[in-house]
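Visitor: I am new to this structure and would like to be walked through it. Please take my questions one at a time.

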Amino acid sequence: MLGEFLSAAHMVYLSKQTLRFIQMLEQEFSPSDSSVSLLMNKMLGYFSDNYMDTTLTVASAAAHFHMSPQQLARDFKKLVGVSPSNYLMQIRLDRAKQLLLDTSMSNEQIAAHVGFGNVKRLYRALQSSDGISPGLFRKNRGTIISDTDTDRAWRMFQNRTSC
């Protein structure tokens with residue numbers, strides 16, 4: 001019945017298109033891709049669950065997943081779009097910012113809680129990403145401030161830590 005409706009040329013065309021579609025589906029959902037995706041989801045979860053650990057590094061994550069640090073870094077960046085160390089830093093920064101705004105925890109407590117280990121590392125990370133100190137971030141409720149305020153805060157911090 002369908003053969004009567006379509007010409008032989010249309011049947012060949014539909015057969016080729018169907019075959020192409022099946023091949024595309026096989027490539028898109030191949031077992032190797034799904035296992036890589038599953039591994040990446042496990043890695044993302046591992047970083048999210050363990051970001052508070054100051055000893056968490058690309059090397060320790062690679063050891064956890066039984067792969068070399070180079071392989072983890074290469075695959076992670078290829079699939080996620082950022083390096084694993086940058087991903088971990090962003091998780092820590094996002095959590096620190098949330099705690100700065102939502103709690104009365106000290107900067108030292110926040111730094112320890114989110115995996116920076118000490119306030120100096122938190123300060124440098126926040127200064128590098130947002131150009132602002134933790135104290136000014138909290139005071140200004142996360143809004144961007146002028147460079148002169150940032151420079152003044154940076155000098156004060158350097159003077160405090162050099163003593």
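Visitor: Is Arg74 buried or exposed?
Guide: This is a predicted model, so the answer rests on computed values. The cut-off for an exposed residue is over 50% relative accessible area. Arg74 has a relative accessible area of 52%, so Arg74 is exposed.

Visitor: Which residue forms a salt bridge with Arg74?
Guide: The closest N and O atoms of the pair are 3.8 Å apart, and a salt bridge needs them within 4 Å. The partner has a relative accessible area of 23% and is partly exposed. The residue is Asp75.

Visitor: How many salt bridges are there by this rule?
Guide: One of them joins Asp75 and Arg74. In another, the side chains of Asp130 and Lys97 meet, at 3.0 Å from N to O. By this rule the count comes to two.

Visitor: How many residues apart are Asp130 and Lys97?
Guide: The side chains of Asp130 and Lys97 meet in a salt bridge. The pair links distant parts of the chain, with Asp130 in helix 8 (residues 119–130) and Lys97 in helix 6. Their separation is 33 residues.

Visitor: Is Lys97 buried or exposed?
Guide: Buried means under 20% relative accessible area. Its salt-bridge partner Asp130 is partly exposed, at 24%. Lys97 has 17% relative accessibility, so Lys97 counts as buried.

Visitor: What span should helix 6 have, at 1.5 Å a residue?
Guide: Helix 6 covers residues 84–102, which is 19 residues. Its end C-alpha atoms are 27 Å apart, and this agrees with the expected value. The span should be 27 Å.

Visitor: Which element gives the most to the largest nonpolar core?
Guide: In soluble globular proteins, nonpolar side chains tend to be buried together. The largest nonpolar core here has 28 residues, and Met43, Phe47 and Phe116 have the most contacts inside it. Among the elements that give two or more residues to this core are helix 3 (31–50), helix 8 and helix 9. The element that gives the most, with six residues, is helix 6.

Visitor: Which residues of helix 6 are in contact with Phe116, leaving aside its neighbours within four places in sequence?
Guide: Helix 6 spans residues 84–102. The contacts of Phe116 include Thr54, Ala111, Arg121, Leu122 and Ala125, whose numbers fall outside that range. Those from helix 6 are Met89, Arg92, Leu93 and Ala96.

Visitor: What follows helix 5?
Guide: Helix 5 has 12 residues and reaches 16 Å from its first C-alpha to its last, close to the 16 Å expected. Val80 lies in this helix, which covers residues 69–80. The residue after the helix has a positive phi, near 100 degrees, and is Gly81.

Visitor: Which residues make a nonpolar surface patch with Val80?
Guide: A residue in such a patch has over 30% relative accessible area. Val80 counts as partly exposed because its relative accessibility is 31%. The patch is about 200 Å², and Val80 shares it with Leu79 and Val82.

Visitor: How far apart in space are Ser133 and Tyr123, C-alpha to C-alpha?
Guide: Ser133 lies in the loop between helix 8 and helix 9 (134–139). At 6% relative accessibility, Ser133 counts as buried. Ser133 and Tyr123 are 10 residues apart in sequence, and their distance in space is 5.8 Å.

Visitor: How many helices does the chain have?
Guide: The chain has 163 residues, of which 27% count as buried. From the N terminus on, its elements run α-α-α-α-α-α-α-α-α-α. There are zero strands, and the number of helices is 10.

Definitions and conventions. Residues are numbered from 1 along each chain as its sequence is written. This is a predicted model: local features need pLDDT of at least 70, side-chain atom pairs count only at pLDDT 80 or more; totals for chains, interfaces and linings use all residues. Side-chain values use heavy atoms; hydrogens and water are left out. Helices (H or I, at least four residues) and strands (E, at least two) are DSSP runs, numbered from the N terminus. The expected span of a helix is 1.5 Å times one less than its number of residues. Patches are made of residues with over 30% relative accessible area and no salt bridge: like charges are joined within 9 Å, nonpolar side chains (Val, Leu, Ile, Met, Phe, Trp, Tyr) within 5 Å. Accessible areas come from the Shrake-Rupley method with a 1.4 Å probe; for residues, only the protein chains shown count as cover. Buried means under 20% relative accessible area, exposed over 50%, partly exposed in between (1.4 Å probe, protein chains only). A nonpolar core is a set of buried Ala, Val, Leu, Ile, Met, Phe, Trp, Tyr and Cys residues joined through side-chain atoms within 4.5 Å. Contact means heavy atoms within 4.5 Å.
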